[in-house]
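This report sets out the architecture of a two-chain assembly, beginning with each chain and ending with the contact between them. The sequence and coordinates are shown first.

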Amino acid sequence: MGRHVVLIEDEPNITEAIRFLLMRDGWSVDAHTDGATAVEVIRNAGPDLVILDLMLPGKSGLEIVRELRAEQDMQSLPVLMLTARGQMRDREMAEKAGVTRFMTKPFSNAEVLTAVRDLHAQAGQG
Amino acid sequence: MARDTLTGSRIRERRLILGMRQAELARAAGISASYLNLIEHNRRRIGGKLLVGIAGVLGVEPSMLSEGAEAALISTLREAAADSGVPVAELDRVDEFAGRFPGWAEVLAAGHRRIATLERTVETLSDRLAHDPNLAASVHEVLSTAAAIRSTASILAETGELEPEWRDRFHKNLNQDSLRLSESSRALVSFLDEDGSGADRRGMPQEEAEAFFQENDFHFPALEDGSATPEDLARDARALTGEAARSLTHALLEQYLADAQTLPLQELSREITGAGINPVVLAERFNCGLPAVLRRLAAVPEEVLGQEAGLVVCDASGTLLFRKPVTGFAMPRFGASCPLWPLYTALVNPNVPVRRNVVQHGRNAAAFDCMATAWMQKQPDFGEDPLYRAVMLILPGAKDAQDPQPVGASCRICPRQACPARREPSILKEEF
């Protein structure tokens, strides 16, 4: 059964690069740009993993994670957060909101791939 | 001790401020000196007509003597005590402190008010840096674009066989993102530049002074032809917001005027046209020191010199006192500059002319002809240590620049990791 990731990122060229990388690694990628509809998209898609930008139009990445974590069946869904804000305070807030891993931009492709594989393995789905 | 029992202390304080003897005040108030002595030591209560009379002699309102320091001062002192974070054993004697030592009390209260103002400023600036929407948006844009470029470039470089469709798409993305990165970087630089302009420069006298010189292209015809003095220009400069900036600018303009009188523009122009830019020859011709020539060459219009010229001046600590920028040669805005600059070679070899071709690291590295020298700021007395300053003229397009000396701007932004002069790590991780 294929591994499925939902990617919420408003930067189209980052989306394209990540989509390419993950597809080559055997993932099916469902990409969206709007924060406002993200929770619904994730709920409906039921992915193995979510990659989420912090600053999104409509709703911030942190709000999305908080809403996800409030739902019973979304408690253990791995969430990788990508952000240009890498201060300790941002990391702490992300952790508090329920983000599984935090990655600051600009990141390398290898870092993204490793993080995705690790998170998936840790979630017991690998 | 309550405030109203300290009337005597206030009378004594006021009398001493006026330089009046006790006997003198007693006579004027129609009482004996010994009785006044008892009053001044708070051993006799005073009020009514006598208080009014003494207040009249001392030239203050009676209430100033009976009520002492104003309630606001007492209140500020209480706030200072509360904000200190440590228990103040004598808090119940704050009235007495303010009454007996009004001058010191005011110093303490003023210090407390200043701390409060500075804390507010620090909070505002920190908040602005952390939450400024323009800054956050610009930085976010730069980092996001950098992330896109990095990922795309990495795919193009590292993926062995890439389908033509993907390859073309990534090439197109790379092109778009590189354009966006240049735009967003420019917007960020522009924002930071604007941030340091105008009224926001208040409190940074050197920046204000340099901005004033920049606005005038580092050349002041009114000083050259004697139609204005340095005082006039410094006084009338609207860009200068503080007294410190005005004073600093005045000193720089005085130096400018002295150099202009030593090397008049017309004669200097003729010499440059005839013999080119040769500072040592010019120093001999105008019978002056090399520092004056180097400073003056940077102050004449570009059309006279025939090319652009930058200048830096430092004191014996190496701190830059003056900067005239020149295209392609980065100078740090804050903090120390590169110790490899010929400026510093000159500083440790006073009166020895130093000339080096240098090149700064970077994508469009260009060579510069740097001429520097250090001079004694003033003649020291016997037993006094001399103080030196150094000046460096920076001319673009070094001749005979086959093997220019590599230098940086400052360690923080210099990519040359294995530099013997490095004093702190660079924020740039890799060579360009």
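In what order do the elements of chain A run from the N terminus on? In this predicted model, the elements of chain A follow the order β-α-β-α-β-α-β-α-β-α from the N terminus.

## The two chains in outline

The following table sets out the composition of each chain.

| Chain | Residues | Buried | Helices and strands |
|---|---|---|---|
| Chain A | 126 residues | 40% | 5 helices and 5 strands |
| Chain B | 432 residues | 29% | 19 helices and 6 strands |

The separation of contacting residues along the sequence can be stated for each chain in turn. In chain A, of the contacts with a separation of 6 or more, 56% are between residues 24 or more positions apart. In chain B, of the contacts between residues at least 6 apart in sequence, 63% join residues at least 24 apart.

## Strand S3 of chain A

Strand S3(A) covers residues 49-53, and 5 of its 5 residues are buried, so the strand is largely enclosed by the rest of the structure. Leu49(A), Ile51(A) and Asp53(A) point one way from S3(A), while Val50(A) and Leu52(A) point the other way. Residues on both faces are buried, and Asp53(A) is among them.

S3(A) pairs with strand S1(A), residues 3-8, through 4 bridges, and these two strands run parallel. Within that pairing, Leu49(A) in S3(A) has Val5(A) opposite. S3(A) also pairs with strand S4(A), residues 79-83, again in the parallel sense and over 4 bridges. Here Leu52(A) has Met81(A) in S4(A) as its bridge partner.

## The sheet of chain B

Chain B contains an open sheet of 6 strands with mixed pairing, in the order S2-S1-S5-S4-S3-S6. Why is one side of S2(B) and of S6(B) left without a neighbour in the sheet? Both strands stand at the edges and each has a single partner strand, so one side of each has no neighbour there. On average, and with direction ignored, neighbouring strands of this sheet are turned by 30 degrees against each other.

At one edge, S6(B), residues 405-407, pairs with strand S3(B), residues 354-360, in the parallel sense over 3 bridges. Val358(B) stands opposite Gln405(B) of S6(B).

Strand S5(B), residues 388-396, holds Leu395(B). Is Leu395(B) buried or exposed? With 21 other C-beta atoms within 10 Å, Leu395(B) is buried, the cut-off for this class being 20 or more. Apart from its neighbours within four places in sequence, Leu395(B) is in contact with Gln307(B), Ala309(B), Phe368(B) and Asp369(B). The C-alpha atom of Leu395(B) is separated by 6.3 Å from that of Cys370(B), which lies 25 residues away along the chain.

## Packing of helix H11 of chain B

Two packed helices are described by the angle between their axes and the distance between the axes. The axes of H11(B), residues 205-215, and H14(B), residues 243-262, come within 8 Å and cross at roughly 50 degrees. That angle makes H11(B) oblique to H14(B), and the crossing is right-handed.

On the side of H11(B), the contact involves Pro205(B), Gln206(B), Glu208(B), Ala209(B) and Phe212(B). These meet Ala244(B), Ala245(B), Leu248(B), Thr249(B) and Leu252(B) of H14(B). The residues of this contact divide into 7 nonpolar, 2 polar and 1 charged.

The buried residues of H11(B) include Glu208(B), Ala209(B), Glu210(B), Ala211(B), Phe212(B) and Phe213(B). Their cover includes H14(B) and strand S2(B), residues 320-324, and S2(B) is also an edge strand of the sheet described above. Just after H11(B), Asp217(B) takes a positive phi of about 55 degrees.

## The contact between the chains

How many residues does each chain give to the contact? Chain B gives 17 residues and chain A gives 14 residues. On the side of chain B, the elements that give two or more residues are H9(B), residues 133-158, and H10(B), residues 164-195. H9(B) gives the most to this side, with 12 residues. The residues on the chain B side divide into 7 nonpolar, 7 polar and 3 charged.

Methods
Residues are numbered from 1 along each chain as its sequence is written. Chains are lettered from A and ligands numbered from 1 in the order in which they are written. This is a predicted model: local features need pLDDT of at least 70, side-chain atom pairs count only at pLDDT 80 or more; totals for chains, interfaces and linings use all residues. Two residues are in contact if their C-beta atoms, placed from the backbone, lie within 7 Å. Ala, Val, Leu, Ile, Met, Phe, Trp, Tyr, Cys and Pro count as nonpolar, Asp, Glu, Lys and Arg as charged, and the others, Gly among them, as polar. Axes are lines fitted to C-alpha atoms, for helices over the stretch in contact, and angles run from 0 to 180 degrees between N-to-C directions. Angles under 35 degrees count as roughly parallel, over 145 as roughly antiparallel, 65 to 115 as roughly perpendicular and the rest as oblique. A crossing is left-handed if the near helix is turned anticlockwise from the far one by less than a right angle, and right-handed if clockwise. A residue is buried if 20 or more other C-beta atoms lie within 10 Å of its own, exposed if 12 or fewer, and partly exposed in between; C-beta atoms are placed from the backbone. Two strands pair if DSSP finds at least two bridges between them.
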